[in-house]
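Reader: Please take a close look at one part of this model, the contacts between charged side chains, and state the cut-offs behind each term as you go. I would then like to see how the neighbouring topics of burial, polar contacts, surface and strand pairing are described.

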Amino acid sequence: MNKSSTYIVSGMIFAMILVMAEMVFSQSLWSFTLTLSRSNDQIGFDGTNGVDSQGKTDSVYQFNFNIPSLASVGKIEIDFGEFGTGSTFGFNLENVELADVSVTGIKNFLNANVTVTGVTVDNANKTLLIDLSSAAVSGNAVLIVKDLQNPPCPVTHNVTVELQTSLGASIEDEQASIGFSGASNDTDGDRLPDGFEIYYAGNGVRGEEDTNAKTLGLDPDATNSFTAENDGDGFHLLREFLGCTDPHQISSTPLALDSDGDKIYDVDESFPGITLDTDGDGTPDRLDTDSDGDGVADSVEAGKSTLAPDPVDTDGDLIPDFQDTDSDDDFVPDSTDNCRLVKNILQANADGDSLGDDCDNDNDNDGIADASDNCPLVPNPSQADDDGDGFGNECQGDTDGDGEVNGRDNCPTISNPDQLDTDLDGLGDACDSDIDGDALVNPLDNCPLVKNFNQLDSNSNGIGDACDTEGFVLGGSRLACQGGDPSGFYLWLVLMMIFAWGAKVFSTQRP
């Protein structure tokens, strides 16, 4: 028998032994070691994107294992079922095809390389059954699988690799743990991470045959409304992502919890795989009544009275006010901002209350709302407007139009260009009810322009002696009653007395 014939016979005998072994040891005690890794070449391998080999990312999973002694491996099953089963949970395998699976490093009994000849995808049960070109009897396998779509939310579970005979009997299985940090990359800026949009899009993952025609309102390359509510469970797309639930299944619903009673869903105060603690005080936002530590309660900054609406985001920076220490983006911290929801860098505050002018509807605190106040920055509860020009008297430049601005006009509502003020009391005569300042109002004063406290009227003519010229009573004069100076009379009287005294002296000295 020649050498080649010997090899053939030996191979046939070995094959018979293996077949018998398969029959006898269908549940073998043989074991192998397994390690699992995933490519870090592209974004998305860990769920930050989740896009596969369509020019975006190529999520490559590598399984390393050795062929157990005396084993004859004809099939390999990879089971991702621990991550969830069904069409919308766990791994999505629907894009995996024969070209995506390859194996190197293992040989058959003729010492020839073993390759992959078929792949059966069971996306409901999340398994891949890989057929080999011939039974592998030795070697350390490097099994590569591409186009796997991993879950978009944080999760860590086991992947099971089972070695089978050519007839499908199990030889052995081993597990390797793999975890994902959760989706975060958001190419189109719509707050819905790429991995989430691709995973739940109507036509599945982005694979080599993908046309990029996404449906159901989810597309990583087009802005979608994160507030769209697709399945009627009361939670919009963003909340479905934050709660790691299926946006197209009404039975898959985020927990409607509000642990700290601030009218904000816990899912709105969380992020998959991350414990949010905005102010770093050691209390997670979902349990913190002032998440950003700005002194304004979350229940106030949420801007709502029920759980349903989204928390307010005043400045539109995609950070809700309850997690934003400068809610209006005016560079003034909320803790000191007198208009927390209105930009007012200068912090003007005319009435000195707790509200700045830009957000105070009564800036002068006169009880009249600014919208209808004719002097919004000057208190004028009467709203007097003597010249009817729409500006209240208290804040108009020249109310009476006499050429004197209100601040210098001693009669701001009555025209008096001469600004005459007889008693120098600060009120012009034109508007002074007691022009001479003798404590008697003008209509009752018999000398309104001359002080005469006793109101003496010797001739009873209605004109006080101090300003009466009839009979020269006490030297009074009409001029005095008309505003003239009566001092001339007193000078005349003094001169007359001096003259009389001189005459007397002259007469007593005559011989």
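Author: Asp310 and Arg239 form a salt bridge in which the closest N and O atoms are 3.2 Å apart, a salt bridge being a side-chain nitrogen of Lys or Arg within 4 Å of a carboxyl oxygen of Asp or Glu. Because Asp310 lies in the loop between α4 and α5 while Arg239 belongs to helix α3, this pair ties together parts that are 71 residues apart in sequence. Helices (H or I, at least four residues) and strands (E, at least two) are DSSP runs numbered from the N terminus.

The model is a predicted one, in which local features need pLDDT of at least 70 and side-chain atom pairs count only at pLDDT 80 or more, whereas totals for chains, interfaces and linings use all residues. Residues are numbered from 1 along each chain as its sequence is written, and side-chain values use heavy atoms, with hydrogens and water left out.

Arg239 has a second acidic partner, Asp268, with the closest N and O atoms of this salt bridge 2.8 Å apart. Here too distant parts of the chain are linked, since Arg239 sits in helix α3 (residues 237-242) and Asp268 in the loop between α3 and α4, 29 residues apart. Arg239, Asp268 and Asp310 are thus linked in a network of salt bridges. Within this network Arg239 counts as buried because its relative accessibility is 1%, where buried means under 20% relative accessible area, exposed over 50% and partly exposed in between (1.4 Å probe, protein chains only). Asp268 is buried as well, whereas Asp310, with a relative accessible area of 29%, is partly exposed.

The structure holds 4 salt bridges, and among them is the one in which the side chains of Glu301 and Arg340 meet at 3.5 Å, N to O. This pair also links distant parts of the chain, with Glu301 in helix α4 and Arg340 in the loop between α4 and α5, 39 residues apart. Glu301 is buried because its relative accessible area is 1%, and Arg340 counts as buried at 16% relative accessibility.

The loop between α4 and α5 also holds Asp409, which is buried because its relative accessibility is 7%. The side chain of Asp409 reaches the backbone nitrogen of Cys411 at 2.9 Å, and a polar contact of 3.0 Å joins it to the side chain of Gln419. A polar contact is a pair of N or O atoms within 3.5 Å; within protein, one must be able to donate a hydrogen and the other to accept it, and residues adjacent in sequence count only if both atoms are side-chain atoms.

Phe331 is found in the loop between α4 (298-301) and α5 (478-481) too, but this residue counts as exposed because its relative accessibility is 71%.

Turning to the strands, 4 of them form an open sheet in the order β1-β2-β7-β4 with antiparallel pairing, two strands being counted as paired if DSSP finds at least two bridges between them. The edge strands, each pairing on one side only, are β1 (34-38) and β4 (101-107). Between β4 and β7 (residues 138-145) the antiparallel pairing runs over 6 bridges, and Ser102 stands opposite Ile144 in β7.
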